[in-house]
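This report looks at charged side chains and cysteines. Keep the structure in view as you read.

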Amino acid sequence: MTDFLKQLPKHIRDMAELNVCTPELILVTSTEKFLDTRVLEEDRAKDKSSFQSVLTKTNPHYCYKLEKSVSNDVKCKPEDVRQLKDAAAKWLAQSPVAADSLLQPPACNKWSHLSFGCASLDRCTGGGVSTRGITEICGAAGVGKTQLLLQLSLCAQLPTNLGGLGRGVAYICTEDVFPSRRLLQISKAFETRYPDQKLRYMSNVFIEQLYDSEPLLNCVCKRLPKLLEQQDIGLIIVDSVAAIFRLYTDFIERARDLRRFAHALLGYVDKYKLAVVCSNQMTASSANSENGTLQDMPCLGLQWAQLVRTHLRISKGPRQHWKAAEMLSVRKLEVVFSPDTPNQSTEFFITSDGVVDMPVPPDLEVPSKRTRR
């Protein structure tokens, strides 16, 4: 911090040390924050007159030096902020970073994952939901998207050694009434699964129900930041993003509002190191079909797809399986696109206790080693 600031004027160096401590924070700090530290002309005049009235009789020479220093007090301009950010960028560009340093805290915290609470889903997704970018979970109606989101809202409250984030959840529901009874049912199963964790699962999930685009944008852009400042939130869930944005008739306006919506969420990801998961509906489309037959595609098209970092798709197959005297449908989760996870799939069940693994068939079980006598 001190090395690259030596080449800058003193008032810029003082401005940087007053606001941030590292070159990385200088680049991500908005220009307005630096400009807000300026001393107003009225306050500067009041300070100058008060100092003069006290010190003129005692030491006029010192009063002249003090007046000169007050007049040159932190007087920041936009050009000074630009010069400071250029110096920080050049410093970081010249500083080599070792690959193993990315795996050490706090750098590795930006690439942490939130567990699904299901081993097969965690293996398929490389550890769960990433705390970078927006993760989309799409699928047809009734495949279990909301069930998976409810389990994620409970897993996020678990400590990091259990795959959680140790933080609360902001849940924005746009389709139907929030399934509070189902969340309570799964939370009872989590209390049994993790008896040592004395967590109040229901108290750490903050719910908002919205059914129009304007209240949604107002909530995400204005009200959600206040919640993030007051509560330790580690996961933001929007269920679903298509329920509101697919109602637009002006596609240019929809693209603009989608960018506002996504950029606000991405800003919270970078600032608070949290995870964002949005569910999406499916629609029939023949755009990618060669013979003209309709295929199920995620809603909102490329306008939304280019704003998402990871695409996950859930489907329900015709196969069923008996488990504890209950007939369960086999669900499939597929990684459609992810920059750090291969395209693979896995199967799972949705039970009364939440999302669970499929049992291994007897013919695929690893035989136990026989002891020789």
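## A buried arginine and its partner

The model shown here is predicted. Start with R309. This arginine counts as buried, because its relative accessibility is 18% and the cut-off for buried is under 20%. Its salt-bridge partner is D340, with the closest N and O atoms 3.4 Å apart. The two residues sit in distant parts of the chain, 31 residues apart. R309 is in the loop between α14 (301-305) and β10 (310-322). D340 is in the loop between β11 (327-337) and β12 (345-351). Unlike the buried R309, D340 is partly exposed, at 44% relative accessible area.

## Other salt bridges

How many salt bridges does the structure hold? The count is four. One of them joins R319 and E347, and the closest N and O atoms are 2.5 Å apart. This pair also links distant parts of the chain. R319 lies in strand β10 and E347 in strand β12, with their positions 28 residues apart in the numbering. R319 is partly exposed, with a relative accessible area of 43%. E347 is partly exposed too, at 32%.

E208 and R223 form another salt bridge, at 3.1 Å from N to O. E208 belongs to strand β5 (residues 205-209) and R223 to helix α11 (residues 213-230), so the bridge ties together parts that are 15 residues apart in sequence. E208 is partly exposed at 23% relative accessibility. R223 is partly exposed as well, with 42%.

## A positive patch

Now turn to the surface. K222, R256, R259 and R260 form a positive patch there. Which helix gives the patch its largest share? That is helix α13 (residues 251-272), which supplies three residues. R260 lies in this helix. Its relative accessible area is 42%, so R260 is partly exposed. That value also passes the patch cut-off, because patch residues need over 30% relative accessible area.

## Cysteines without disulfides

A disulfide is a covalent bond between the sulfur atoms of two cysteines. How many does the structure hold? The count is zero. Take C299, which is in no disulfide. The nearest cysteine sulfur belongs to C138 and is 9.2 Å away. A disulfide needs the two sulfur atoms within 2.5 Å.

Are C299 and C124 buried or exposed? C299 is buried, with a relative accessible area of 3%. C124 is buried, with 3% as well.

Notes
Residues numbered from 1 in each chain as written. Predicted model: local features only at pLDDT ≥ 70, side-chain atom pairs only at ≥ 80, totals over all residues. Heavy atoms only, no water. Patch = residues over 30% accessible without salt bridge, like charges linked within 9 Å, V, L, I, M, F, W, Y side chains within 5 Å. Areas by Shrake-Rupley, 256 points an atom, 1.4 Å probe, with all protein chains shown as cover. Salt bridge = Lys/Arg side-chain N within 4 Å of Asp/Glu carboxyl O. Lys, Arg positive; Asp, Glu negative; His and termini not counted. Charge placed at Lys NZ, Arg CZ, Asp CG, Glu CD. Helix = DSSP H or I, 4+ residues; strand = E, 2+ residues; numbered from the N terminus. Buried < 20%, exposed > 50% of the residue type's maximum accessible area, 1.4 Å probe, protein only.
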